[in-house]
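Let's take a walk through this structure together, from the overall fold down to single residues. Have the viewer open and follow along as we go.

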Amino acid sequence: MIISTITACQRISIMTNNDIFRRVLHLTGVGRNKQLLVEIFHLGGVHATNSKIKGWRTSLDNPRSSHMPDAVLDGFFSGMFEYRDKQTKEGINIFNFPSE
């Protein structure tokens, strides 16, 4: 069991699913292609509209945001893996990070 003590000066910062989703979109550049983003959700078994995606990529501090449920974030990651695997089979490397 881990026990932590927080003083009045310390601030806990917890990333929400919306924060994680927004950062992955920024990291991959997938967010620039709305049609591809909808396809990735579909591959992960999630029905997503452009309107829903806009709410999920918005910080929860904003009243126009929508909380992204765990199952939706999981579906997004599943869709990303599925999309990557499809592209790899066609000889396309979608993530161009250095191998070493």
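Starting at the N terminus, the elements of the chain run α-α-α-α. Put as a count, that is four helices and zero strands. Please keep in mind throughout that this is a predicted model.

Before zooming in, a few totals help to set the scene. The chain has 100 residues, and 29% of them are buried. About 7,700 Å² of the chain is exposed, with carbon and sulfur atoms supplying 53% of that area. If you take the contacts between residues at least 6 apart in sequence, 60% of them join residues at least 24 apart.

Now turn to a pair of helices. Helix 2 covers residues 34-43 and helix 4 covers residues 70-89; the two pack with their axes 6 Å apart and at an angle of about 100 degrees. An angle from 65 to 115 degrees counts as roughly perpendicular, and helix 2 and helix 4 are therefore described that way. Which residues make the contact? On the side of helix 2 they are Leu-36, Leu-37, Glu-39, Ile-40, Phe-41 and Leu-43. Helix 4 brings Val-72, Gly-75, Phe-76, Gly-79, Met-80, Glu-82, Tyr-83 and Lys-86 to the contact. Sorted by character, the residues of this contact divide into nine nonpolar, three charged and two polar.

Phe-41 deserves another look, this time for its ring. A pair of aromatic rings is described by the distance of the centres and the angle of the planes. Searching the whole structure turns up five aromatic pairs. In one of them, Phe-21 and Phe-41 sit 5.7 Å centre to centre with 55 degrees between the planes, a tilted arrangement. This pair links distant parts of the chain, with Phe-21 in helix 1 (residues 17-28) and Phe-41 in helix 2, 20 residues apart. Are these two residues buried or exposed? Both Phe-21 and Phe-41 are buried.

Phe-41 also pairs with Trp-56: the ring centres are 5.4 Å apart and the planes meet at 45 degrees, so this pair is tilted. Here too, distant parts of the chain are linked, since Phe-41 belongs to helix 2 and Trp-56 to helix 3 (residues 50-56), 15 residues apart. The cut-off for a buried residue is under 20% relative accessible area. Phe-41 has a relative accessible area of 0%, so it counts as buried. Trp-56, with 7%, is therefore buried as well. Stepping back, ring pairs link Phe-21, Phe-41, Trp-56, Phe-76 and Phe-77 into a cluster.

Let's finish with the loops. His-47 is located in the loop between helix 2 and helix 3. Its relative accessibility is 62%, so His-47 counts as exposed. Although His-47 and Gly-75 are 28 residues apart along the chain, 9.6 Å separates their C-alpha atoms.

The loop between helix 3 and helix 4 holds Thr-58. What is the relative accessible area of Thr-58? The value is 18%, so Thr-58 is buried. Leaving aside residues up to four places away in sequence, Thr-58 touches Asn-18, Arg-22 and Ser-65.

Ser-66 is also found in the loop between helix 3 and helix 4. With 32% relative accessibility, Ser-66 counts as partly exposed. Among residues more than four places away in sequence, Ser-66 touches Asn-18, Gly-55, Trp-56 and Leu-60. Trp-56 thus brings us back to the ring cluster, of which it is a member. As a last distance to check in your viewer, the C-alpha atoms of Ser-66 and Ser-51 are separated by 9.9 Å, with their positions 15 residues apart along the chain.

Note on methods:
Residues numbered from 1 in each chain as written. Predicted model: local features only at pLDDT ≥ 70, side-chain atom pairs only at ≥ 80, totals over all residues. Heavy atoms only, no water. Buried < 20%, exposed > 50% of the residue type's maximum accessible area, 1.4 Å probe, protein only. Contact = heavy atoms within 4.5 Å. Areas by Shrake-Rupley, 256 points an atom, 1.4 Å probe, with all protein chains shown as cover. Axes fitted to C-alpha atoms, helices over the stretch in contact; angles between N-to-C directions. Parallel < 35°, antiparallel > 145°, perpendicular 65-115°, else oblique. Nonpolar A, V, L, I, M, F, W, Y, C, P; charged D, E, K, R; others polar. Phe/Tyr/Trp six-rings, centres within 6.5 Å; stacked < 30°, edge-to-face > 60°.
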